[in-house]
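Q: Please take a close look at a single part of this model for me. I would like to know what lines it, and what the residues around it touch.

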Amino acid sequence: MGDTAGVKALVALSFSGAIGLTFLMLGCAFEDYGVYWPLFVLIFHTISPIPHFIAKRATYDSDATSSACRELAYFFTTGIVVSAFGLPVILARVSVSKWGACGLVLAGNAVIFLTIQGFFLIFGRGDDFSWEQW
């Protein structure tokens with residue numbers, strides 16, 4: 001991938017991440033909603049790539065297409081992502097936040113997790129323009 005294509009991809013990912021965070025903030029900041037508990041999903045956004053990093057580091061020398069460590073990382077990542085989608089629903093169900101805020105937070109979750117996945121698909125191949133250089 002050329003340098004220009006990598007920069008364009010990085011700008012697109014930054015833009016989509018900003019849109020996702022905007023949805024998340026709107027779900028908390030509207031006057032009708034006014035509850036900031038849904039911001040705790042940011043913890044899930046932050047820790048979701050960690051199992052992948054650990055598995056990639058632990059199975060770096062392995063030539064196998066699949067390993068137990070990698071599968072365990074997929075399992076933990078799936079649990080983190082499901083928890084990020086479940087937290088706003090539970091908060092709305094117990095009337096801590098409103099359902100409109102839940103919808104905005106869920107939309108933000110979808111955009112942010114797709115952005116994280118896009119980052120790893122674009123920059124995680126290990127070619128000349130990868131995230132490991134940063």
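A: What follows is a tour of the second largest pocket and the parts of the chain around it.

This is a predicted model, in which local features need pLDDT of at least 70 and side-chain atom pairs count only at pLDDT 80 or more, while totals for chains, interfaces and linings use all residues. Numbering starts from 1 along each chain as its sequence is written, and side-chain values use heavy atoms, leaving out hydrogens and water.

Let's begin with the overall layout. The chain has 5 helices and 0 strands, so its elements run α-α-α-α-α from the N terminus on (DSSP runs numbered from that end: helices are H or I of at least four residues, strands E of at least two). Of its 134 residues, 29% count as buried (under 20% relative accessible area with a 1.4 Å probe and protein chains only; exposed is over 50%, partly exposed in between). Contacts, meaning heavy atoms within 4.5 Å, often reach far along the chain: among those between residues at least 6 apart in sequence, 64% join residues at least 24 apart.

Now to the pocket itself. The second largest pocket has a volume of about 280 Å³. (A pocket is an open set of points on a 1 Å grid over the protein atoms alone, where a 1.4 Å probe fits and protein lies on both sides within 12 Å along at least five of seven lines; lining residues have an atom within 4 Å of a point. Points are joined across faces, edges and corners, and the volume is the space filled by probe spheres set on them.) Its lining includes Leu10, Leu13, Ser14, Gly17 and Leu21, and further along the chain His45, Pro49, Ile112, Thr115, Ile116, Phe119 and Phe120. The elements that give two or more residues to this lining are α1 (3–29) and α5.

Thr115 is a good lining residue to pause at. Thr115 lies in helix α5, which spans residues 99–123. Thr115 counts as buried because its relative accessibility is 13%. Its side chain makes a polar contact of 2.8 Å with the side chain of Ser16. (Such a contact is a pair of N or O atoms within 3.5 Å; within protein, one must be able to donate a hydrogen and the other to accept it, and residues adjacent in sequence count only if both atoms are side-chain atoms.) Beyond the residues up to four places away in sequence, Thr115 touches Ser16 along with Leu13 and Gly17.

His45 is another lining residue, and this one sits in helix α2. With a relative accessibility of 8%, His45 counts as buried. What does the side chain of His45 pair with? Its partner is the side chain of Asn109, in a polar contact of 2.7 Å. In sequence His45 and Asn109 are 64 residues apart, yet their C-alpha atoms are 8.2 Å apart in space. Setting aside residues up to four places away, His45 touches Asn109, Leu24, Ile112, Phe113 and Ile116.

The backbone of His45 has a polar neighbour too: its oxygen lies 3.3 Å from a polar atom of the Ser48 side chain. Ser48 belongs to the loop between α2 (41–47) and α3 (50–58). A relative accessible area of 6% is why Ser48 is classed as buried. Outside its neighbours within four places in sequence, Ser48 is in contact with Thr77, Ile80, Phe113 and Ile116.

Thr77 and Ile116 bring us to the largest pocket, where they are among the residues closest to the centre, together with His52, Gln117 and Phe120. The largest pocket holds about 390 Å³ of space and has 13 lining residues. Here α4 (68–93) and α5 are the elements that give two or more residues to the lining. Ile116 and Phe120 also appear in the lining of the second largest pocket.

Two loop residues round off the picture. Asp32 is in the loop between α1 and α2, and counts as exposed at 59% relative accessibility. The C-alpha atoms of Asp32 and Ala101 are separated by 9.0 Å, although the two are 69 residues apart along the chain. Ser95, in the loop between α4 and α5, is exposed as well, at 63% relative accessibility. Ser95 has a positive phi of about 65° although it is not a glycine.
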